[in-house]
Amino acid sequence: MRDRGTGAAGASDPHGAARRDPHSAGAVPSLVGLAGSETGTFRIVSEEEQALRTKLERLTTKDHGPVFGRCQQIPPHTLQKAKDELNETEEQREAAVRALRELVQERAGSEDVCKAVAEKMQGKDDSFFLRFIRARKFDVHRAYDLLKARSQIPCLRGARGGELTPCSPGFPRTGYVNFRQQYPELFDNLTPEAVRSTIEAGYPGILASRDKYGRVVMLFNIENWDYEEITFDEILRAYCVILEKLLENEETQINGFCIIENFKGFTMQQASGIKPSELKKMVDMLQDSFPARFKAVHFIHQPWYFTTTYNVVKPFLKSKLLERVFVHGEELESFYQEIDADILPADFGGNLPKYDGKATAEKLFGPCIEAEDTAL
């Protein structure tokens with residue numbers, strides 16, 4: 001597969017040169033016959049493992065479990081993917097969870113945020129800790145940093161109209177707990193019912209089927225978005241609830257997320273109405289604030305002045321996420337090679353009926369009720 005991508009190099013050109021998506025099936029590493037490369041030893045790989053790795057290169061949308069609800073059984077090929085990409089085995093799971101629990105307690109007295117981590121983790125079961133371990137490929141110390149905050153802050157020069165940049169004093173550090181401390185307005189009285197109307201309006205949307213790689217596909221259709229009626233923070237609050245809910249599913253923890261941003265109808269008024277600080281808050285949410293693997297972000301139908309908005313976001317993106325951004329414009333052949341039109345709604349150029357946010361909210365939370373006291 002070849003994709004039209006901006007990445008770090010082509011952000012100023014919304015119709016940049018085609019390049020390969022490093023997360024497509026063709027990029028699944030072929031490890032047949034290899035054992036621990038660090039030891040320089042080899043082992044015999046079973047026919048079953050070889051068959052599962054072959055299947056990983058030929059997946060379809062029908063090879064995965066449901067998006068909504070907890071995973072009843074992880075498909076064998078997804079377990080193989082976890083082993084190959086995340087270094088996961090049954091023995092490793094138990095040992096890593098135990099080690100992360102111990103690390104949380106060991107560091108509880110070292111600084112305020114570490115104390116906050118220990119308090120936030122009280123009563124959490126093993127499955128909760130496992131989300132963070134998977135998101136950091138079974139590196140326990142990196143999983144702890146994801147719980148707390150990044151240890152280093154990237155430094156960029158320049159400021160834009162007094163807005164925060166990475167070199168500014170007080171530049172927020174991300175991390176699951178620290179993100180909640182930095183942006184308390186996103187988590188005040190945050191319950192499913194508090195964001196239900198936003199999700200019903202489609203901000204954001206969630207496809208009922210996974211893509212062929214097993215990723216959950218999230219949608220954002222900007223055309224009818226009125227940022228005075230539904231604020232940027234309200235949308236971010238909806239994202240926070242959705243991510244917590246969907247990450248209960250182990251297939252999603254392993255396969256990750258794909259985001260599709262439809263910028264058809266994006267107006268200059270909308271572009272000027274979005275503050276750089278709001279865009280920065282969104283990036284912080286996507287990077288190192290949830291135990292989520294964001295594997296691809298696709299922009300479609302963007303106008304020429306989209307570049308101005310994207311160039312505000314770019315300095316805050318880590319190189320790994322930049323490499324996973326694909327800007328297609330109106331040339332969507334490579335987009336449909338990645339995302340099957342049969343799982344897309346009509347308003348995203350797919351073969352399904354128009355997206356129904358109310359149906360999605362019901363799948364997430366059940367029927368609408370008066371109130372639900374389950375603050376995150």
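## The main nonpolar core

Start with the packing: the largest nonpolar core holds 88 residues, and Trp225, Leu246, Phe257 and Phe290 are the ones that touch the most other members. As for where its residues come from, α9 chips in the most, with 10. Keep in mind that this is a predicted model.

There's a general backdrop to this: nonpolar side chains in soluble globular proteins tend to be buried together.

## A look at Phe290

Phe290 is one of the residues touching the most other core members, so who does it meet once neighbours within four places in sequence are set aside? Its contacts are Leu146, Tyr176, Phe179, Arg180, Cys240, Leu243, Glu244, Leu247 and Met285. Arg180 and Glu244 count as charged, so this list of contacts isn't purely nonpolar.

## A second core

Apart from the main core there's another one, made of 15 residues. Val217, Leu219, Cys258 and Phe335 are among them.

## The cavities

Now for the empty space. The model has two cavities of 30 Å³ or more, and the largest takes in about 410 Å³. Its lining is made up of 25 residues, with Glu261, Phe263, Leu279, Met282 and Phe299 closest to the centre.

Which elements give two or more residues to that lining? They are α9 (232–246), β5 (257–262), α12 (276–286), β6 (294–300) and α13 (306–313). α12 has the largest share, at five residues. By class, the lining of the largest cavity breaks down into 23 nonpolar residues, one polar and one charged.

Terms used: Residues are numbered from 1 along each chain as its sequence is written. This is a predicted model: local features need pLDDT of at least 70, side-chain atom pairs count only at pLDDT 80 or more; totals for chains, interfaces and linings use all residues. Side-chain values use heavy atoms; hydrogens and water are left out. On a 1 Å grid over the protein atoms alone, a cavity is a set of points where a 1.4 Å probe fits but cannot get out, and a pocket is an open set with protein on both sides within 12 Å along at least five of seven lines; lining residues have an atom within 4 Å of a point. Grid points are joined across faces, edges and corners, and a volume is the space filled by probe spheres set on the points. Helices (H or I, at least four residues) and strands (E, at least two) are DSSP runs, numbered from the N terminus. A nonpolar core is a set of buried Ala, Val, Leu, Ile, Met, Phe, Trp, Tyr and Cys residues joined through side-chain atoms within 4.5 Å. Buried means under 20% relative accessible area, exposed over 50%, partly exposed in between (1.4 Å probe, protein chains only). Contact means heavy atoms within 4.5 Å.
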